[in-house]
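Dear colleague,

Please find below the structure that I am handing over to you, followed by an account of what was found in it. I would be grateful if you read the two side by side.

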Amino acid sequence: MRYRYLCRYCGHNLGEINQEHITETQLGFHFLTPQERQTIISKDDGGNTVVHVLCDYCKEALDLHPELSLIGNPLQ
Ligand SMILES: [Zn+2]
């Protein structure tokens, strides 16, 4: 299973995890509400899991301009 991490604001590729036996607990997904999971986790065309998080740049921008964050920031 491949997990790709992308910034959900600018689409920047933050890296990926490629592991057969990694659990959702190890990835921290069990902290998420069902709504957050829908927002943050999706599948791409190849069946890989895509995790939408914030890159450092966008995180900084949101810290300076919290009004930009309309959907919340559940991973922080
Ligand atoms: Zn970004």
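**Findings on the sheet and its strands**

Isoleucine 41 stands opposite valine 51 in E4. I start from this pair since it belongs to the part of the sheet described next; please note that the model is a predicted one.

The pairing of E3 with strand E4, residues 49-53, is antiparallel and comprises three bridges. Another of the residue pairs here is lysine 43, whose bridge partner in E4 is threonine 49. Five residues lie between the strands in the hairpin of E3 and E4, and glycine 47 in this hairpin adopts a positive phi near 85°.

As to the chain overall, three helices and four strands are present in the protein chain. Their succession along the sequence is β-β-α-α-β-β-α. The protein chain has 76 residues, of which 1% count as buried. If one takes the contacts between residues at least 6 apart in sequence, 48% of them join residues at least 24 apart.

In what order do the four strands lie in the open sheet? The order is E2-E1-E4-E3, and the pairing is mixed. Strand E2 (13-18) and strand E3 (41-43) are the edge strands, each of them pairing on one side only. On average, neighbouring strands of this sheet are turned by 25° against each other, with direction ignored.

The mixed pairing can be followed strand by strand. Strand E1, which covers residues 2-7, pairs with E4 in the parallel sense, and five bridges are found between them. Within this pairing, arginine 4 is opposite valine 50 in E4, while cysteine 7 has valine 53 of E4 as its bridge partner.

E1 also pairs with E2, in this case in the antiparallel sense and over five bridges. Tyrosine 5 is placed opposite glycine 15 in E2, and leucine 6 has asparagine 13 of E2 as its bridge partner. The hairpin of E1 and E2 has five residues between the strands, and glycine 11 shows a positive phi near 80° there. The edge strand E2 is hardly covered, given that zero of its six residues count as buried.

In general terms, the strands of a sheet pair through backbone hydrogen bonds, in either a parallel or an antiparallel manner.

One residue of E4 merits a separate paragraph, namely histidine 52, which lies in that strand. Is histidine 52 buried, exposed or partly exposed? Histidine 52 counts as partly exposed because it has 17 C-beta neighbours inside 10 Å, whereas a buried residue would need 20 or more and an exposed one would have 12 or fewer. Which residues are in contact with histidine 52, once its neighbours within four places in sequence are left aside? They are Leu6, Arg8 and Ile40. Of these, Leu6 is the residue whose bridge partner in E2 is asparagine 13. For isoleucine 40, which is twelve residues from histidine 52 along the chain, the separation of the two C-alpha atoms is 4.8 Å.

With kind regards

Note on methods
Residues numbered from 1 in each chain as written. Predicted model: local features only at pLDDT ≥ 70, side-chain atom pairs only at ≥ 80, totals over all residues. Pairing = 2+ DSSP bridges. Helix = DSSP H or I, 4+ residues; strand = E, 2+ residues; numbered from the N terminus. Axes fitted to C-alpha atoms, helices over the stretch in contact; angles between N-to-C directions. Contact = placed C-beta atoms within 7 Å.
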